Each structure stands twice: as structure tokens, then as C-alpha cells.
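Here's a quick walk through a fold, starting with one helix and working outwards. Have the sequence and the 3D view open as you read.

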Amino acid sequence: METTIIWVTAIVLFAVFSIPFIRMRKKQESEAHLADINALNYGLKEPISLHPVVDINSCIGSGACIEACPEHDVLGLRFGQAFTISPARCIGHGLCERSCPVEAISLVFGSEKRGVDIPRIQENFETNVPGIYIIGELGGMGLIKNAFEQGRQCIEGIITESRKKIADVDVLIVGCGPAGLSAALHAKENGLRYLVIEREDVGGTVRYYPRRKLVMTQPVFVPGYGKFRKREILKEELIEIWESIVEKNQLNIQTGENIVSIKRKTDAVFEVQSDKGTYSAERVILAVGRRGTPRKLDIPGEELSNVSYSLREPDHFQNMSVAVVGGGDSAVEAAMALADQPGNTVRLIYRGTSFSRIKPQNAERLQSYIKKENFNLMLNANVLKNMESHILIQSHDQEPILVENEYVFIFAGGILPIAFLNEIGIKVDTKFGSK
């Protein structure tokens with residue numbers, strides 16, 4: 001009798017605790033299945049850069065990696081194990097890898113089908129050219145927290161090495177995005193003679209994110225400022241904080257200056273030439289973005305002043321007819337932001353027959369904009385010529401049409417500065433699903 005009671009009690013307890021868990025897991029797997037279909041439809045299966053790969057022979061299905069991912073839809077559960085849903089959405093924070101209790105996740109670059117070009121760097125961020133380092137987005141780490149950490153680690157490695165004080169500066173930092181800013185702060189904190197040269201303005205690539213876009217998911221400690229108190233911070237807030245950090249710390253930054261060449265002057269000194277001067281440095285840190293220079297359409301009139309390759313302040317463009325060219329998230333988000341401005345008429349022009357590799361939420365939002373009178377989506381179309389007040393568009397196999405247009409925004413991606421790296425002597429490897 002007692003044995004029967006024990007068994008009944010055990011069965012009841014099992015049912016009470018296991019059934020809700022099983023239902024929750026079924027719901028998670030169902031949601032992951034739908035997300036997987038959406039990822040396939042939206043072209044999010046091919047990774048852009050770093051992304052997780054799950055070893056199904058080791059995975060125990062704890063779900064810790066899914067909970068750790070701030071992007072929420074990169075990983076999911078299938079048949080009780082984790083799998084990668086949207087590798088293109090991964091931003092390389094590595095929380096999933098660190099949270100896995102059995103080390104079943106690896107972060108890799110590229111895939112078997114799509115390779116990713118990554119400069120050859122060592123663990124201390126030094127390239128195959130001794131004395132030249134790469135940190136941040138160019139090295140494959142686009143997350144702001146990772147970029148800040150790399151700036152710190154790179155400088156801490158440099159200060160342990162001997163310096164001869166025979167150049168203008170101990171270290172010249174190219175780029176003032178998060179990685180370059182971090183390197184400058186830690187260089188000053190450690191007494192290094194340093195100089196930062198930035199082609200545009202403080203903030204780097206982050207300045208070209210759409211307005212109010214979230215750009216951080218984890219807190220970061222910054223010398224001369226302290227710890228960012230918010231786990232999520234907006235683009236505008238972050239830029240404002242960076243500018244205040246630069247001013248407070250009186251960082252040695254020269255903006256609006258473009259590096260032309262980096263050559264070895266002697267065994268211990270590099271000669272760095274910009275479009276405004278020449279500098280000597282014992283070490284050089286490249287902290288530039290992967291977009292390098294914007295990819296152009298190579299059409300007549302592209303050199304005119306009414307063409308731009310980024311949109312920083314949509315509210316500066318009102319009561320205008322504008323064209324946005326491109327098929328990625330940046331183009332779609334820019335077109336929608338411009339359509340929200342008073343008096344604007346917007347054409348979103350894309351050469352493909354449908355959008356791929358855009359976020360599902362952008363695809364959903366776009367459907368509502370297509371219904372608006374001031375928004376015209378033109379697929380399978382190309383801009384043939386730009387003029388001061390018109391553009392020439394060819395759609396499908398139809399005859400080109402001339403339409404009124406005052407400004408053109410081109411989002412055709414960026415060209416990785418491989419030629420520049422080759423001139424310096426830095427080797428670039430194409431990685432197909434490898435670390």
C-alpha cells in the first residue's frame with residue numbers, strides 16, 4: 001500500500017512539474033520554427049560576419065544560449081536542441097558561447113557558401129606587419145562593447161613593449177569610433193604619446209545608424225567617464241556622451257582628415273601621410289569600420305552635391321522629392337524615416353525583384369508605408385542618371401522615365417579597404433565558416 005502511494009505521489013509530482021515545462025518547450029520550438037521560416041524568406045540565413053554554430057553532438061538543450069542573446073531571434077530550439085535561426089542578425093557579443101554549460105557553441109566567420117574577408121591579426125591585435133594593429137569592426141568585431149574592450153587590451157599590450165621615443169607619437173590611432181575612442185582614452189591614461197586621426201567626426205560608423213536606433217546591449221566602463229549605467233542606450237545619447245568624454249579628457253583628435261598611406265620609415269618608425277600632413281609613429285592602430293568607402297552606382301551625375309551615401313538627420317530634409325536607392329535595412333529605414341518628414345515624396349528604388357536580408361520588422365513596417373500616397377516602391381528598377389532636379393529611372397524592360405527629384409540617397413553597401421590594407425602589407429584571409 002505504501003509503495004503504491006509513493007508511486008502515485010511521484011507520478012503526480014512529475015506531472016505537476018514536467019507538463020508545464022513540456023508545454024513551454026513546445027511553444028518555444030513552435031516559435032523557433034516560424035522564426036526559421038521568416039529567416040529563410042528574408043534572406044537571414046547567410047551570415048554577414050561573426051555568428052554562432054551549435055555542435056548538436058554536445059548540445060544538451062539547456063536554452064541558456066537563447067536566454068543570453070539580446071537579439072532574441074538568432075538562436076532557437078528544435079528537437080530539444082539549440083540551432084541557429086538567423087546568423088545574419090548576430091552582432092558578435094559572444095554571450096551565447098559563454099553561457100553554454102557544455103561549450104557546444106562556437107563563434108565563426110562566414111559560411112560554406114559565403115566567405116567573410118578578415119585581416120590577419122594575432123591575439124594581441126597585431127597584424128602580420130609588426131607594429132600595426134587592427135581593432136573593432138575592421139577585425140570582425142562590430143559590437144560596441146567588444147570594440148571598447150579591444151581598444152583597452154590593445155593599448156595594455158603596447159605599454160608592455162619597449163618604446164624608443166624617436167617618432168612624433170608612440171601610437172597613431174586611425175578612426176574615432178568606439179574602438180579608436182577606447183584606445184585613445186587608455187593611451188592617455190597610461191601616459192602614451194598618441195594622436196587620433198578621423199576621416200569624419202567622433203563616433204565613426206555609429207553616426208550613420210538611423211536616428212534613435214539602439215546601439216548597445218551591455219554596460220561598458222570608460223576611463224574618464226565611468227560606467228554607462230544603461231544596458232540599452234540610444235544612438236543620440238551615445239554620441240552626446242562620446243563628445244562630452246572627448247571634451248572632458250581633452251583627447252588629441254583631429255577630425256576631417258583622411259589617411260592616404262602608411263609606410264615604414266625605419267625599422268622602428270612608420271611614416272603616416274594624410275591629406276593634411278605627414279606624421280611619424282612607432283605604432284599604428286587601425287580602428288576603422290568595414291564599410292571603408294561607400295559603393296557607388298557609377299552613373300552620370302553621381303558627383304553632384306544632391307547625392308549622399310548616408311542619412312544622419314532625416315528632419316533636415318522636408319518638403320522635397322527624394323529617392324533612396326538600395327535593398328538593405330539601411331535603405332529601407334532611411335526611406336521610411338524620410339517619408340515621415342512633412343511634405344516629402346519618397347521613391348525607394350531597388351534593382352532586385354524582392355527584398356532580402358532585411359529584418360522582419362522592417363519588412364512588416366514597409367508594407368504600411370507602401371500604402372501611403374507619398375511613398376513609391378520601385379522594384380527591379382535602376383537609376384540611370386542623376387540631375388539637379390530630376391533622375392532617369394529604368395524599371396523592368398520598360399523605357400526609361402524622367403521624374404522630378406531633388407536629392408538621392410544611395411545605400412549600396414561599402415567597399416572593404418582591401419586595397420589600402422594590401423598597400424600597407426596586411427594580409428586578408430577569406431573565412432568560410434571558421435574562427
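Let's start with α7, where D329, A331, V332, E333, A334, A335, M336, L338 and A339 are buried, buried meaning under 20% relative accessible area, exposed over 50%, and partly exposed in between (1.4 Å probe, protein chains only). That makes nine of the eleven residues in α7, so the helix is mostly covered. Helices (H or I, at least four residues) and strands (E, at least two) are DSSP runs, numbered from the N terminus.

A word on where this comes from: the model is predicted, with local features needing pLDDT of at least 70 and side-chain atom pairs counting only at pLDDT 80 or more, while totals for chains, interfaces and linings use all residues. Residues are numbered from 1 along each chain as its sequence is written, and side-chain values use heavy atoms, with hydrogens and water left out.

**What covers α7**

The buried residues of α7 pack against β19, β20 (345-350), α8, β21 (375-379) and β25 (407-410), where contact means heavy atoms within 4.5 Å. Take the helix partner to begin with: α7 (residues 329-339) and α8 (residues 360-370) pack at an angle of about 35°, their axes 11 Å apart. Axes here are lines fitted to C-alpha atoms, for helices over the stretch in contact, and angles run from 0 to 180 degrees between N-to-C directions. On the α7 side the contact uses D329, V332, E333, M336 and A339, and α8 brings N362, R365, L366 and Y369. An α-helix has 3.6 residues a turn, so residues three or four places apart point the same way.

**The sheet**

Now for the strands. Five of them form an open sheet with parallel pairing, in the order β18-β25-β19-β20-β21; two strands pair if DSSP finds at least two bridges between them. β18 and β21 stand at the edges with a single partner strand each, so one side of each has no neighbour in the sheet. Between β19 and β20, which run parallel, there are five bridges, and V325 stands opposite I349 in β20. α7 packs on this sheet, touching β19, β20, β21 and β25, and its direction makes about 165° with that of β20.

**Nonpolar cores**

A nonpolar core is a set of buried Ala, Val, Leu, Ile, Met, Phe, Trp, Tyr and Cys residues joined through side-chain atoms within 4.5 Å. The largest has 35 residues, and those with the most contacts inside it are I135, V171, L181, W242, L251 and I285. Apart from it lies another core, of 31 residues, among them A32, A39, L338 and F409. Back in the largest core, α4 (144-158), β7 (169-174), α5 (178-189), β8 (194-198) and α6 (235-249) are the elements giving two or more residues. Leaving out residues up to four places away in sequence, V171 touches I158, A187, L192, R193, Y194, L195, R283 and I285.

**Odd spots and a buried histidine**

Two residues other than glycine have a positive phi:

| Residue | Phi | Loop | Relative accessibility |
|---|---|---|---|
| F79 | about 55° | β2 (75-78) to β3 (81-84) | 74%, exposed |
| N319 | near 55° | β18 (307-308) to β19 (321-325) | 57%, exposed |

Finally, is H51 buried or exposed? H51 is found in strand β1 (residues 50-54) and counts as buried because its relative accessibility is 6%. Not counting residues up to four places away in sequence, H51 touches P87, C90, S106, L107, V108, F109 and G110.
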